Amino acid sequence: MYYKFSSFTQKLTGAWASDAYNPQGLRPVVSTEAPPIIFATPTKLSSNSTAYDYAGKNKVPELQKFFQKSDGVPIHLKRGLPDQMLYRTTMALTVGGTIYCLIALYMASQPRNK
């Protein structure tokens with residue numbers, strides 16, 4: 001037995017197989033046109049293009065040297081003041097959130113006085 005959702009009664013009702021596989025009267029649409037070809041236009045290769053077409057210079061070797069030098073500073077604080085501010089803000093929010101959660105748990109565990 002096949003079932004379909006009846007929009008009139010808002011329940012499942014018995015149905016024919018064709019109605020159950022195509023609910024609410026929707027029928028599959030058969031396209032008469034062929035889909036367009038995505039790469040229909042040929043691509044031409046430029047002989048004077050380089051492998052890298054970006055406007056900046058490669059900073060990776062410089063940054064590797066900067067971050068790998070051993071000066072006793074942790075890697076997450078190597079860039080100075082911005083890293084320190086971000087680290088301290090993150091730690092302050094973490095400690096503050098932990099304290100807030102502990103206070104909320106304490107208040108939730110206490111019975112209310114009427």
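The dialogue below goes through the named features of this predicted model and the reasoning behind each label.

Student: What makes up the secondary structure of the protein chain?

Tutor: There are three helices and two strands, and along the sequence they come in the pattern β-β-α-α-α.

Student: Let's start with the strands. How do you know that β1 and β2 pair?

Tutor: Pairing takes at least two bridges between the strands. Strand β1 (residues 2-6) and strand β2 (residues 11-15) share five bridges, so they qualify as a pair, and the sense is antiparallel. As one example of the register, Y2 stands opposite A15 in β2.

Student: What do β1 and β2 form, and what lies between them?

Tutor: They form a hairpin, with four residues between the strands. Q10 is found in that loop between β1 and β2.

Student: What makes the phi of Q10 worth a look?

Tutor: Its phi is near 60°, a positive value in a residue other than glycine.

Student: Next, K78. Where does it sit, and why is it called buried?

Tutor: K78 is in the loop between α2 (60-68) and α3. Buried means under 20% relative accessible area; K78 has 12%, so it counts as buried.

Student: How do you know that D71 and K78 form a salt bridge?

Tutor: The rule asks for a side-chain nitrogen of Lys or Arg within 4 Å of a carboxyl oxygen of Asp or Glu. For D71 and K78 the closest N and O atoms are 2.8 Å apart, so the pair meets the rule. D71 has a relative accessible area of 43% and is therefore partly exposed.

Student: What makes the link between K78 and D71 a polar contact as well?

Tutor: A polar contact needs a pair of N or O atoms within 3.5 Å, one able to donate a hydrogen and the other to accept it. The side chains of K78 and D71 are joined at 2.8 Å, so that limit is met too. The side chain of K78 also reaches the backbone oxygen of K69, at 2.7 Å.

Student: How many salt bridges does the rule give?

Tutor: The count is two. Besides D71 with K78, K57 forms one with E62, where the closest N and O atoms are 3.0 Å apart.

Student: Why is K57 called exposed and E62 partly exposed?

Tutor: Exposed means over 50%, and K57 has 61% relative accessibility, so it is exposed. E62, at 43%, falls between the two cut-offs and therefore counts as partly exposed.

Student: Now to helix α3. What does UniProt place at residues 85-108?

Tutor: An unreviewed UniProt entry places the feature "transmembrane region" there. In the model, residues 85-108 are 100% helix and 0% strand, and the end C-alpha atoms are 34 Å apart.

Student: Which residues form the nonpolar patch on the surface?

Tutor: V95, I99, I103, Y106 and M107 form it, with about 540 Å² of accessible area together.

Student: What makes I103 eligible for a patch, and where does it lie?

Tutor: I103 lies in helix α3 (residues 81-109). A patch residue needs over 30% relative accessible area. I103 has 45%, so that threshold is passed, and the same value makes it partly exposed.

Student: What share of the protein chain counts as buried?

Tutor: Buried residues make up 4% of the 114 residues, and K78 at 12% relative accessibility is one that counts as buried.

Methods. Residues numbered from 1 in each chain as written. Predicted model: local features only at pLDDT ≥ 70, side-chain atom pairs only at ≥ 80, totals over all residues. Heavy atoms only, no water. UniProt positions renumbered as here; feature names shortened; annotations may be inferred. Patch = residues over 30% accessible without salt bridge, like charges linked within 9 Å, V, L, I, M, F, W, Y side chains within 5 Å. Areas by Shrake-Rupley, 256 points an atom, 1.4 Å probe, with all protein chains shown as cover. Buried < 20%, exposed > 50% of the residue type's maximum accessible area, 1.4 Å probe, protein only.
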